[in-house]
Amino acid sequence: MLFQPYFVDVLLPLPLERQFTYRITKEEYHFLKIGMRVAVPFGKSKIYTGIVYKLHEEEPQAYEAKDIYQILDDTPVLNTEQLKHWEWIATYYMCSLGEVLRAAFPSVFLLESETIVLANPNFEESDVLTPDAYLIYEALQRQSQLTIAQVVNILSKKNVFPILKNMIAIEAVHLKEEIYEQYQPKMVTYIRLATEWEAKEKLQELLALLSRSEKQRTLVMHYFMLKTKSPTPIKKKELLETSGISTSVCKGLENKGIFEAYEIQTDRIVFEEASQRIPTLSTHQQEAFHQIKACFSTHDVCLFHGVTGSGKTEVYAHLIKEVIATGKQVLFLVPEIALTTQLIIRLQKFFGDDLCVYHSKYSQNERAEVWNHILTGSEKAKIILGTRSATLLPFVNLGLVIVDEEHEASYKQFDPAPRYNARDAAIVLTKIHKATILLGSATPSLESYYNTKVGKYGLVTLTRRFGNVQMPKIQLIDIKEKHRKKQMTGHFSDLLLKEMKDVLDLGEQVILFQNRRGFAPLIECETCGVTPQCPNCDVSLTEHKFKQELRCHYCGYHRAIPKQCDACGSTDLNSKGFGTEQIEQELLALFPKHNIGRLDLDTTRGKYGYQKIIEAFQHQEIDILVGTQMLSKGLDFKNVSLVGVLNADNMLNFPDYRAHERSYQMLTQVSGRAGRSQKQGNVYIQTFNPYHQILQQVTTSSYEQMYGEQITDRRNFFYPPYYRIIQITLKHKDFNLLNEGAEWMGKSLKNSFGKNLLGPTAPSVSRVRNQYIKQLIVKIPPKQSVVATKDYLRKLRVMFEAIGRFRAIRINIDVDAY
């Protein structure tokens, strides 16, 4: 009887188009399940963590299957629904399944292999070794193996591989790859009394034994005091902190066999129990709540169009309560981490430790713990609050997805692959789990609103603010006229300054919006007109006064602010334009008695950066908060009665077909931060063009009018939602080679798509990190097959990469590139 071979297809976290097959034993075949992790050799010597994708008995034809190195799990770490969702993302967004795995998995699950240096016991010709090689050889005589990091430390050199290569050639050493687990569970040390001293009658004997050691006796007495207060286990840290006694005293009691130390695994993030009931809904909210439930009986997707301050979060909370009562999970998506800060506080008060949070500011170990809770359907993971990466988690019983601020561009991932839109991926996720999805926004995206018009999505509107609070009064200020009349102080008009003073005198707060960080976008020589440029990108350097540096916002390059012009040597250098940092400086001079805060990427770098600023503003420790678009997204501050937009024209004049839609959304959202309690708020928008149609629509909250105009333009110029868009980006450091490759690609696409191809053209920033960029846009008409178009693009990409000189050109394909 012939030996029956067994095989497993393994999904690797690499940008490869297919899975690789490995040989396994019969026992492994019956033990392994789809979704388990295995360590497998790949390439010459590397070991990778892969996922079991398929078990079968078909030997690969193109190569000889290797054996797997190690099985890493007893149970799967991802489930079949999740894998199905990942496959859809890989297919739809034209990337590999390995890239989705790399984006989704907490990196601590992807075990790394480390190169180990081992001595050859039979090698005796130490006199032929170089001085560096002899140091390694000598170290290996004292310990059995060295890691590459240890070799680097021994030699005080970064590049040690040439030395090791020579040692391997003369057989002095050999290398081995060793897998190591990265995830470290958090262990907390607890203290308990040794069993022999637990009896009550032993207490006197114990205190007599410690009569000569006052500190040890005090610590034991303190232990008993804590024990009588609460029967729960006592943490070692808590015992030492409350008693004020050192670790060495406790160690002495452990050595005497009186105390025993033991460890318990615990979560890194723990929420307190629920402390508040969900507020009762108003009549209008109640009506919207029932309409949403009715909508879910006919549609899987419902768009909830509620004005700013209408209390959408309370409606969400009531829906969540109903869904988790049935034992199902709820995913609550937000566009940015800044928004999670306030939502965590509000949802935690309603739902306590049923909530868990998942986003990129959490450490890898914290994310791994959340992953495990969701996978096992833990009580701690009934509600998952997260940013776009949360759509890739291993849900086991998903009942509802809420996408808050569904119009936000932050839901779209641009780099690296997968270049997915979390809102659209969440809609597919709910179809896989047979769940429902609610898209919430005060300014819905044109695509979502169009889908309600054609009957694809349901629509529920809420046009009243909670508590019948009035919508803010929005006024446009013509700063061209104000400049002419010399009524500007710095970047503030006289009207805005007067209103700010009045509001601050009443003890209320102000938000100022300027969608550009830094002090100024550029500095310019007044003599020759030269501005310092980034050496790696085609952009001017942004001035950051606080750090006294010029910085590139694309690649991170920075240099000190020059004292004189690099071109002509003139010292007459001036800042042009303004950012949040400059506004902050002006406010400190204008309002020296008030506290000024700034919310932008520069001030929120730490893990709790957002939280500290938002909480300080909420507790009224900050009077005026200046910020970028982070401020515009769903934040709720009760004491803000004035919002100022310092320059509305930047967004309107952006070279993008969505510029007007995005401007309307941004200005409406930032206006919605004003007057969210009983008093009507005021919004002042400074502009050079107060008669612009979008600004007029913002002042009258005319969403339907904006939608009507923009959707007509989209139809006339063949843009989404009527036409689909795929953007192809080519990058290379050689400008001429890139041009040649882009022309070849352009001609090939022109033959198939004709007038529906735009490009190749250079984007507004045509070089980033020394890579030149060219873009082509393919528009797909309504009746053209999207699947067939993608298949053609895949084939064309293979043909392009088969041309030797073009192989080094990097190609990125972005489906729905908006």
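# Exercises on a predicted model

A search of this whole predicted structure turns up two cavities of 30 Å³ or more. Let's start there and then work through the sheets.

## Exercise 1: the cavities

Task: find out what lines the largest cavity, and which residue class supplies seven of its lining residues.

Solution. Start with the volume: the largest cavity comes to about 70 Å³. Next, pick out the lining. One stretch of it is Glu 406, His 407, Glu 408 and Ala 409, and Lys 412, Asn 421, Arg 423, Ser 445 and Glu 447 are also part of the lining. Arg 658, Arg 662 and Tyr 818 line this cavity too. Now sort by class: two of the lining residues are nonpolar, three are polar and seven are charged. Charged is the class you were after.

Task: do the same for the second largest cavity. How many nonpolar residues does its lining have?

Solution. This one has a volume of about 40 Å³. Its lining includes Val 10, Leu 11, Leu 12, Leu 14 and Leu 16. Arg 18, Gln 19 and Gly 98 belong to the lining as well. With Gly put in the polar class, the lining of the second largest cavity sorts into five nonpolar, two polar and one charged.

## Exercise 2: the seven-stranded sheet

Task: work out which strands sit at the edges of the open sheet of seven strands, and what packs on it.

Solution. Write down the order: β15-β16-β14-β17-β18-β13-β19, with parallel pairing. Read off the two ends: β15 (355-358) and β19 (458-462) are the edge strands, each pairing on one side only. Neighbouring strands here are turned by 20° against each other on average, direction ignored.

Zoom in on one pair inside the sheet. β17 (residues 398-404) and β18 (residues 436-441) run parallel and share five bridges. Within that pair, Leu 400 is opposite Thr 436 of β18.

Now add the helices. Helix α11 (residues 283-296) packs on the sheet and touches β13 (301-306), β17, β18 and β19, with its direction at about 180° to that of β19. Helix α14 (residues 364-375) lies across β14 (329-333), β15 and β16 (383-386), and runs at about 130° to β15.

## Exercise 3: the six-stranded sheet

Task: explain why β20 and β29 each have one side without a neighbour in the sheet.

Solution. Again, begin with the order of this open sheet: β20-β32-β31-β23-β30-β29, paired in parallel. β20 (473-478) and β29 (596-599) stand at its edges with a single partner strand each, so one side of each has no neighbour in the sheet. From one strand to the next, the twist averages 20°.

Who is the partner of β20? Strand β32 (residues 682-687) runs parallel to β20 and is joined to it by six bridges. Look for Ile 477 in the model and you'll find Gln 686 of β32 opposite.

Finish with the helices. Helix α22 (residues 659-671) packs on this sheet, touching β20, β23, β31 and β32, and its direction makes about 150° with that of β31. Helix α20 (residues 609-618) lies across β23 (509-513), β29, β30 (624-627) and β31 (640-645), at about 140° to β23.

## Exercise 4: pairs around β4

Task: in which sense do β1 and β3 pair with β4?

Solution. Take β1 (residues 6-11) to begin with: five bridges join it to β4 (residues 46-56), and the two run antiparallel. Phe 7 has His 56 as its bridge partner in β4. Then take β3 (residues 37-42): β3 and β4 are antiparallel too, over six bridges. Here Val 38 is partnered by Gly 50 in β4.

## Exercise 5: unusual backbone and a salt bridge

Task: where are the cis prolines Pro 416 and Pro 418?

Solution. Most residues other than glycine have a negative phi, and most peptide bonds are trans. The bond from Asp 415 to Pro 416 is cis, with omega near -10°, and the bond from Ala 417 to Pro 418 is cis with omega near 0°. Pro 416 is in the loop between β17 and α15 (422-432), and so is Pro 418. For phi, check Lys 434: its value is near 55°, which is positive, and Lys 434 is in the loop between α15 and β18.

Task: which elements does the salt bridge of Lys 236 and Glu 254 link?

Solution. The structure holds 34 salt bridges. In the one between Lys 236 and Glu 254, the closest N and O atoms are 3.3 Å apart. Lys 236 is in helix α9 (residues 236-243) and Glu 254 is in helix α10 (residues 247-255), 18 residues apart.

Terms used:
Residues are numbered from 1 along each chain as its sequence is written. This is a predicted model: local features need pLDDT of at least 70, side-chain atom pairs count only at pLDDT 80 or more; totals for chains, interfaces and linings use all residues. Side-chain values use heavy atoms; hydrogens and water are left out. On a 1 Å grid over the protein atoms alone, a cavity is a set of points where a 1.4 Å probe fits but cannot get out, and a pocket is an open set with protein on both sides within 12 Å along at least five of seven lines; lining residues have an atom within 4 Å of a point. Grid points are joined across faces, edges and corners, and a volume is the space filled by probe spheres set on the points. Two strands pair if DSSP finds at least two bridges between them. Helices (H or I, at least four residues) and strands (E, at least two) are DSSP runs, numbered from the N terminus. Axes are lines fitted to C-alpha atoms, for helices over the stretch in contact, and angles run from 0 to 180 degrees between N-to-C directions. Contact means heavy atoms within 4.5 Å. A salt bridge is a side-chain nitrogen of Lys or Arg within 4 Å of a carboxyl oxygen of Asp or Glu.
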